[in-house]
Structure formats: C-alpha cells, structure tokens
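Here are a few exercises in reading sheets, helices and backbone angles. Have the model open beside you and try each task before you read its solution.

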Amino acid sequence: MIPEVWQTRVRQSLEAHFSAGLQRSRRHAFDACGPLRRIEGRDFLTFASNDYLGLAADPRIKDALRNAVGHWGLGSGAAQLLGGYTAAHKGLEERLADWVGQPRALLFSTGYQANLAMLDALAGKGDLICEDRLNHASLIDAARISGATLRRYLHTDSDSLDRRLEKARADHALVATDSVFSMDGDLAPLTELATVARRHDALFLVDDAHALGVIGDQGCGAAASSGANPALVMATLGKALGSFGAFLAGNEDLIEWVAQTGRAHIYTTAPPPAVAAATLVAVELARQEDWRRQKLAELIHRLRSGAAKRGIELLPSDTPIQPLVLRSVERAASVSEGLAQQGIWVPAIRPPTVPADSCRLRITLTAAHEPAHVDRLLEALESIL
C-alpha cells in the first residue's frame, strides 16, 4: 500500500519528467550484442554498444563460459570474504594486474561498485577529493558518500586542479579522473594531472573503463600506457572485454585496505566464477589480437573523415566514442528517431547524463562493425541533418 501523498508526489514527478522529453525506455533485444540486432521486433544496425573490441559474442568466449559453468555452476554463493572467492577469480585478478602493470587486482561486479568501494575505503571526513567536472557519476557519487570534501576542477584542466589543491591544503587529498570520458570521448591529460597530484602529496586514481582494451600496447589502457603511474586503476570488464564485472588494481596495501574496509566489496555476493573464467579468455584475446584495435582505429578515421566531408561536426575524439552534439532535447530525440526509421539505433543522450544544452547522439564504434556500416550511418545522418 502506497500512502496517497507519496503516490501523488511520484505521479507528478513522472508527469513533469515525461513532459520535459526525458522519458527513457528499456527496449528488449532478441539476440546477442553486435552491430546487427533485432530490437522489439525490428532489425537495426546499432551504434550504441561499448563492446569496443567486438568480443561479447565471440564463439571462443562462449565456449569458455559453457565449459566453466559445467565446473563451477552459476552463482558464487557468497561474498568474497565468506567463501565466494574461487580459483577462477584469483586467476583473473592476477592476469588483470599483469595487464595494467600493477602488483595486485581486486574483482567487483560493476565499475560503479568498485568506485564506491575505493573512495569509501580511502577517504572520509576531513579529507579532500578533487575530481574532473565530467567524471562518471559513480566517481561523483562515491565522493559524496565517502564524507570527504568534494571539489570539482575544470574539465581536463591541470591548472584548475592545482588551484583547487593549493587552496584547500588538506592533509590527505585524492585526485580522481576518468581517462576516457564516457560522453565526450576525449582523453584526460593523465601525466599532467599526476604531476600536480604528486606536488601536493595527493593520491592519484584513474577510472580506465573506456580505455582498457582500446588504448596502449596490447590494450593495457590509458593509465598504464601514459606513464602517469596512478596509485589505483579501476576498469570494467563489460566494455572492451565483452563480459561483466570490474576491478581495482594497485599496490598490495591499497588493494588489501579496500578489500578489508570497502563496504561495496564486503557486503555483496562475489561475481559468478564461470564468468570470471570466461573473462580470462577474453583478456587473452584482447591482448593478443591487435587487429581489433587496428580495425577500430580505421573505422574511427572513416567516420570522422566522412562526417567532415558532409559538414557533420563531431566532438574531437580519437576513441570509439564519437559524440554528435545537437543541443536541445527535442533535436536529439528527433534525429535519433529519424535514424531509427532508417533502421539505425543510436539513442539520444539527455539530462541528467548531459546538461540540457548539450544533448547528443553518442555514436560508438566496435571492431565488429564494417566499413559499409559506417557509410550507411553517414548517409543516414546526412539525409536527416
């Protein structure tokens, strides 16, 4: 039974939300993640997936999962500290730590959870957390929950960060940034930010979710390839690896402290061991198959050069995230619907994900796309814009 005052409040809030054009809907797909999908009875060419390397439906990973389920079953049955931690988890952690050049890794079910555990364990009342204004919501929320003072510096601006740290003069400060920003696709100046953080004795933390597998030697990520040497790296397994989960990587003491005190780690069931075993295969494929990154780079160039020739202005980005800013909610929704009518799936991105005046299409490319797919998207955009 819902009290009438609450029913009225929720109903009015929903009506205002919908009338502002901010309604979102979950559309169910009928097949595996890939460029061509059947969504609610219609066939679409999709540009809305973070499966950057095209591994989500790779038959070798599917075989690995089937075999792992035969051994491990489905669920882990408990939190990691209560018996849910298996040899499959341990093997994946060791391989992930080696990949990103850190001594140790700790698995989580989601990147959101990993960031919550990280800042919950490391920061508290009296501490300072400085974050890029465009950081992912999980880092912003984690800072707020930690109880530390949160200060946000200008986007990708190391001088702004320096001023924030200088003004605060906290005894214990942390600097946290995305490496690749999820809505703009641009890169943080990691080495510059790391230099500023060191100058102020601040702990430097990097969310590498959209860079792992895509950037650096063997796809080791932006944090490792930049030489910034952050204290902790967070990355997800559900994007370029096509799997599920996330991890933190850093030195033994930091990782052990998060494992011992991070509430989002302690009080949740461990990821399924079969998924961990299959993800280990995904890691090996991502590291070894450089052709995926090469193809992705070629597709990014094709999209950007084709857009420029057609007068379509994309935000500056060398990553698979290629935003087309359309400003208003109405315009973004209209262009998205126009693409859908031509069988192309690129959902509009609206508030609260982005500010009201920077609504956009977030076009994402994967190694599973083909040049003809990119050309079809460009032709459709040209006919609509």
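**Exercise 1.** Find which strands helix 4 lies across, and give its angle to strand 8.

*Solution.* Start with helix 4, residues 111-122: it lies across strand 3, strand 4 (128-132), strand 6, strand 7, strand 8 (232-236) and strand 9 (246-250). Helices (H or I, at least four residues) and strands (E, at least two) are DSSP runs, numbered from the N terminus. Next, take the direction: helix 4 runs at about 160° to strand 8. Axes here are lines fitted to C-alpha atoms, for helices over the stretch in contact, and angles run from 0 to 180 degrees between N-to-C directions. Contact means heavy atoms within 4.5 Å.

A word on the source: this is a predicted model, in which local features need pLDDT of at least 70, side-chain atom pairs count only at pLDDT 80 or more, and totals for chains, interfaces and linings use all residues. Residues are numbered from 1 along each chain as its sequence is written, and side-chain values use heavy atoms, leaving out hydrogens and water.

**Exercise 2.** Work out the strand order of the sheet with 7 strands.

*Solution.* Two strands pair if DSSP finds at least two bridges between them. Following the pairs gives an open sheet in the order 3-9-8-7-6-4-5, with mixed pairing. Its edge strands, each pairing on one side only, are strand 3 (104-108) and strand 5 (149-153). For one pair in detail, look at strand 6 (residues 173-178) and strand 7 (residues 203-207), which run parallel and are joined by 5 bridges. Within strand 7, Leu205 is the bridge partner of Ala176. Finally, add helix 7 (residues 190-199), which packs on the sheet and touches strand 5, strand 6 and strand 7.

**Exercise 3.** Do the same for the sheet of 3 strands, then place a helix on it.

*Solution.* The order is 10-13-12, and the pairing is antiparallel. Strand 10 (321-327) and strand 12 (348-349) form the edges. Between strand 10 and strand 13 (residues 359-364) there are 6 bridges, and Ile321 has Thr364 as its partner in strand 13. Helix 13 (residues 329-341) packs here, at about 35° to strand 13.

**Exercise 4.** Where does the backbone depart from the usual pattern?

*Solution.* Most residues other than glycine have a negative phi, and most peptide bonds are trans. Arg327, in strand 10, has a positive phi near 70°. Glu40 also has a positive phi, about 50°, and sits in the loop between strand 1 (36-39) and strand 2 (42-46). Lastly, the peptide bond from Pro351 to Pro352 is cis, with omega near 10°.
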